[in-house]
Amino acid sequence: VAFTNWGTGHVMLAPGRYTAVASRGIEYEIDTSKAFRIDAETGADLQLQVVRSVETDGWVSADLHVHGVASHDSGVGRHARVTTMAAEGVEFFASTDHDFLTDYAGAIEDLDLEMWVQSAIGTEVTTVEVGHFLGFPLQMDHLGEGGFNRDEVDWTGKKPFEIIQSIQTMGRAGDFQPMVFVGHPRDGILGYFDQYGFDPYAGSPGFAGAPGTA
């Protein structure tokens with residue numbers, strides 16, 4: 001797989017028979033090459049064309065749950081992450097690394113992609129027992145090495161509403177009204193709703209004695 005900023009790229013392949021597919025997110029048709037063969041002496045020069053078939057005037061394609069190299073579960077650097085967003089037709093994304101604030105603005109500028117994609121600083125507060133909470137845009141006082149800093153939310157022993165208040169405080173520090181939401185709420189130990197036994201069918205807010213019930 002090759003993610004590209006401007007539609008050109010190179011891929012190293014082992015000898016064999018291949019078919020190539022070009023895509024640019026859900027607003028564009030894919031294009032598929034004819035089958036071709038690669039061997040020790042012969043490569044292939046392909047030209048594929050993606051055609052926009054979905055008009056989205058007045059709408060923004062966004063990804064609001066994005067991890068990069070600052071997260072323990074991702075090894076994608078800032079510039080590579082920006083490239084993946086642009087290549088998939090994402091026009092706006094929020095950085096939501098686990099317990100870190102990440103700023104992609106410099107990487108977007110470095111790649112000259114400002115007209116294609118924009119970003120906001122956010123975080124995913126990653127507790128052990130009461131779920132994960134995401135928020136953006138947030139205030140980041142300065143960039144650490146690599147363009148990220150650990151966020152200021154100490155979730156130890158906090159109830160969910162206190163964690164949400166902490167995220168809101170970080171946003172308001174930058175004169176923002178941050179959006180805060182629950183990540184993967186049904187994901188077992190990682191999910192807030194599962195941890196609190198929330199029943200969407202009965203409308204029950206949770207079971208008695210749940211840790212930190214709010």
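Two strands count as paired if DSSP finds at least two bridges between them. Strands (E, at least two residues) and helices (H or I, at least four) are DSSP runs, numbered from the N terminus.

Before you start: this is a predicted model, where local features need pLDDT of at least 70, side-chain atom pairs count only at pLDDT 80 or more, and totals for chains, interfaces and linings use all residues. Residues are numbered from 1 along each chain as its sequence is written, and side-chain values use heavy atoms, with hydrogens and water left out.

**Exercise 1. Work out how the strands of the open sheet are ordered and paired.**

Step 1. Start with S5 and strand S6 (residues 92–95): they pair in the parallel sense over 3 bridges. Here Ala62 sits opposite Phe92 in S6.

Step 2. Now go to S6 and S8, which pair in the parallel sense over 4 bridges. Look for Ala94, which stands opposite Ala120 in S8.

Step 3. Put it together: 3 strands make an open sheet in the order S5-S6-S8, with parallel pairing. Strand S5 (62–66) and strand S8 (118–121) are at the edges with a single partner strand each, so one side of each has no neighbour in the sheet.

**Exercise 2. Find which helix joins S5 and S6 in a β-α-β unit, and give the unit's handedness.**

Step 1. The helix is H1 (residues 78–87), and with S5 and S6 it makes a right-handed β-α-β unit.

Step 2. Check what that word asks for: with the strands pointing away from you, the path from the first strand over the helix to the second runs clockwise.

**Exercise 3. Decide whether Thr96 is buried or exposed.**

Step 1. Find Thr96 in the loop between S6 and strand S7 (100–102).

Step 2. Use the cut-offs: buried is under 20% relative accessible area, exposed is over 50%, and partly exposed is in between (1.4 Å probe, protein chains only).

Step 3. Thr96 has 0% relative accessibility, so Thr96 counts as buried.

Step 4. Check its surroundings, taking contact as heavy atoms within 4.5 Å. Not counting residues up to four places away in sequence, Thr96 touches Leu64, His65, Val66, His67, Gly122, Thr123, Glu124 and Leu134.
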